[in-house]
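Good morning, and thank you for the opportunity to present. I shall go through one structure step by step, and I ask that you keep it in view as I speak.

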Amino acid sequence: MSVLEVKNIEKHFGATQVLKDISFSLEKGQVISIIGSSGSGKTTLLRCLNFLEKPDQGTISVNGTVIFDAADPSTQLEKEIRKKRLHFGLVFQSFNLFPQYTALQNVTLARELMAKEHGGESKEEIEKAGRALLAQMGLADRADYYPHQLSGGQQQRVAIARALALHPDILCFDEPTSALDPELTGEVLRVIRELAEQNTTMIIVTHEMAFARDVADHVIFMDGGVIVEQGDPREVIENPKEERTRQFLARYSEN
């Protein structure tokens, strides 16, 4: 059974249609990379999956249960949406860390709030788990540093640890290296590669074509708000069938 099933998602901003009939599925442990030019709808799709935007049409199912149906208002109640966001962890391109909190506090904050609301874990357990996640990111010695004391690559790795802290079913990345200098890009891609090797279920919007080809199990190419082509990463990136895909990849190789 698919961990994620997206069917016929559409999204408008005013008169502009940004997503047109988007459908795909994701298996547990699978990595999907989404590629395409700026303005093709990739980030809007991720924001719809994480309920930061509300689709105008379509359904989203996780583990066989419909968690959003644009035609069913009962799936759109704010209290329910907050719970449904927990299925997804989102890593933003600009880190979005809280500047007033340390790396460890950034990672543990959401879990502490959950524990306060619902009981369960102690502060000590949450801190121990947070430190373990930072260690997994290679940041064990940076737990008490504030974001401004960390490099961009380190900040992004803290953001990944934070997204993992609530054990999401699906980890989403929105251009995770676009705000980084080239020398820092490698350290973030290395962490994502390790997560893929551990069968973490992921959706990665990326402009790193070689990374998408080598790490993803499936690639989706979007253009103009539609899925133009999808399939095996090597096939799509090295032997695209569609003219629009070929043009995009040719432009990319010129840059």
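Asparagine 199 is exposed, with a relative accessible area of 54%. In this predicted model, the residue belongs to the loop that runs between α6 (182–197) and β8 (202–205). Its backbone deserves attention as well: phi of asparagine 199 is near 60 degrees, a positive value in a residue other than glycine.

A second asparagine may be placed beside it. Asparagine 96 also has a positive phi, of about 55 degrees, although it is not a glycine. This residue lies in the loop between β6 (88–91) and α3 (103–118). Is asparagine 96 buried, partly exposed or exposed? With a relative accessible area of 38%, asparagine 96 is partly exposed, because exposed requires a value over 50%.

Let me now turn to the chain as a whole. Its secondary structure comes to 9 helices and 10 strands. The C-alpha atoms fill a box of roughly 55 × 45 × 35 Å along the principal axes. For 255 residues, a compact globule would have a radius of gyration near 18 Å, and the chain agrees with this, having 18 Å. Of these residues, 50% count as buried. The accessible surface comes to about 12,300 Å², and carbon and sulfur atoms account for 47% of that surface. As for contacts between residues at least 6 apart in sequence, 64% join residues at least 24 apart.

The start of the chain offers a specific case. Methionine 1 is found in the segment before β1 (4–13), and at 75% relative accessibility it counts as exposed. Which residues does methionine 1 contact, leaving aside its neighbours within four places in sequence? They are Glu27, Asn63 and Gly64. Serine 33 follows methionine 1 by 32 residues along the chain, and the C-alpha atoms of these two residues are separated by 20 Å.

I come next to the cysteines. How many disulfides does a search of the whole structure find? The search finds 0. Why is there no bond between cysteine 48 and cysteine 172? The closest cysteine sulfur to that of cysteine 48 is in cysteine 172, at 12 Å, which is too far for a bond; a disulfide would require the two sulfur atoms to be within 2.5 Å. The statement holds from the other side too, as cysteine 48 holds the closest cysteine sulfur to that of cysteine 172. Cysteine 48 is buried, with a relative accessible area of 1%, and cysteine 172 is likewise buried, at 0%.

Finally, I consider the aromatic rings. The structure holds 4 aromatic pairs. One of these joins phenylalanine 98 and tyrosine 101, whose ring centres are 5.9 Å apart and whose planes stand at 80 degrees, so the pair is edge-to-face. The cut-off behind that term is an angle over 60 degrees. Phenylalanine 98 is partly exposed at 37% relative accessibility, and tyrosine 101 is partly exposed at 28%. Elsewhere, ring pairs link Phe51, Phe68 and Phe88 into a cluster. A charged residue also meets a ring: arginine 142 lies over the face of tyrosine 145, at 4.8 Å from the ring centre.

Thank you for your attention.

Conventions. Residues are numbered from 1 along each chain as its sequence is written. This is a predicted model: local features need pLDDT of at least 70, side-chain atom pairs count only at pLDDT 80 or more; totals for chains, interfaces and linings use all residues. Side-chain values use heavy atoms; hydrogens and water are left out. Buried means under 20% relative accessible area, exposed over 50%, partly exposed in between (1.4 Å probe, protein chains only). Rings of Phe, Tyr and Trp (its six-membered ring) pair if their centres lie within 6.5 Å; planes under 30 degrees apart count as stacked, over 60 as edge-to-face and the rest as tilted. A charge sits over a ring if NZ of Lys or CZ of Arg is within 6 Å of the ring centre and within 35 degrees of the ring normal. Helices (H or I, at least four residues) and strands (E, at least two) are DSSP runs, numbered from the N terminus. Contact means heavy atoms within 4.5 Å. The radius of gyration is taken over C-alpha atoms; the globule rule is 2.2 Å times the number of residues to the power 0.38. Accessible areas come from the Shrake-Rupley method with a 1.4 Å probe; for residues, only the protein chains shown count as cover.
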